[in-house]
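Hi,

Here is the structure I promised to pass on. Have a look at it first, then read on for what turned up.

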Amino acid sequence: MGETGSDAVATGIGLGMMMFQFLMIAVVYVYYSFCLMTIARKTGFTDDWMAWVPIVNIYYACIVAGKPGWWTILCLIPCVNIVVGILVWMALAEKRNKPSWWGILIIVPCVGIIVPGYLAFSD
């Protein structure tokens, strides 16, 4: 009976960790989508809903940044997506009249979370 109880506890902890991870991913997705929507509005784009749809939001970020829409495909290729993502965020920073090096900061852990908010909510 001891093993059954410990198995239940281990299962409960595992499920709790999965729920927490899912919640954190959802919060980060909502944050990035809201920031992209705000950046798009401030740069004169009107199709705000595109910021909330997975994959379509990558296309929308490319369009808002002034890059070709086919770069969305490049964003789906491992390793290439890092370079393309940096270029897109650099262009988004320039669209918001900020230095382009702000786009490079997107790859820095923890700082990368601040960059979209800064670009979206600063004057």
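Let's start with the aromatic rings: Trp101, Trp102 and Tyr118 are joined into a cluster by ring pairs. Keep in mind that this is a predicted model. Six aromatic pairs are found in the structure. One of them is Trp101 with Trp102, a stacked pair with 5.3 Å from centre to centre and 20 degrees between the planes.

Trp102 also pairs with Tyr118, again stacked, and here the centres are 4.1 Å apart with 20 degrees between the planes. That pair ties together distant parts of the chain: Trp102 sits in helix α5 (residues 101–104) and Tyr118 in helix α6 (residues 111–121), 16 residues apart.

How buried or exposed are the three cluster members? Trp102 has a relative accessible area of 16%, so it counts as buried, the cut-off being under 20%. Trp101 comes out at 47% relative accessibility and is therefore partly exposed. Tyr118 is partly exposed too, because its relative accessibility is 30%.

Elsewhere, take a look at helix α2, which covers residues 56–64. Its buried residues include Asn57, Tyr60, Ala61, Cys62 and Val64. When you view them, it helps to remember that an α-helix has 3.6 residues a turn, so residues three or four places apart point the same way. Just past the end of α2 there is Gly66, with a positive phi of about 85 degrees.

Cheers

Key:
Residues are numbered from 1 along each chain as its sequence is written. This is a predicted model: local features need pLDDT of at least 70, side-chain atom pairs count only at pLDDT 80 or more; totals for chains, interfaces and linings use all residues. Side-chain values use heavy atoms; hydrogens and water are left out. Buried means under 20% relative accessible area, exposed over 50%, partly exposed in between (1.4 Å probe, protein chains only). Helices (H or I, at least four residues) and strands (E, at least two) are DSSP runs, numbered from the N terminus. Rings of Phe, Tyr and Trp (its six-membered ring) pair if their centres lie within 6.5 Å; planes under 30 degrees apart count as stacked, over 60 as edge-to-face and the rest as tilted.
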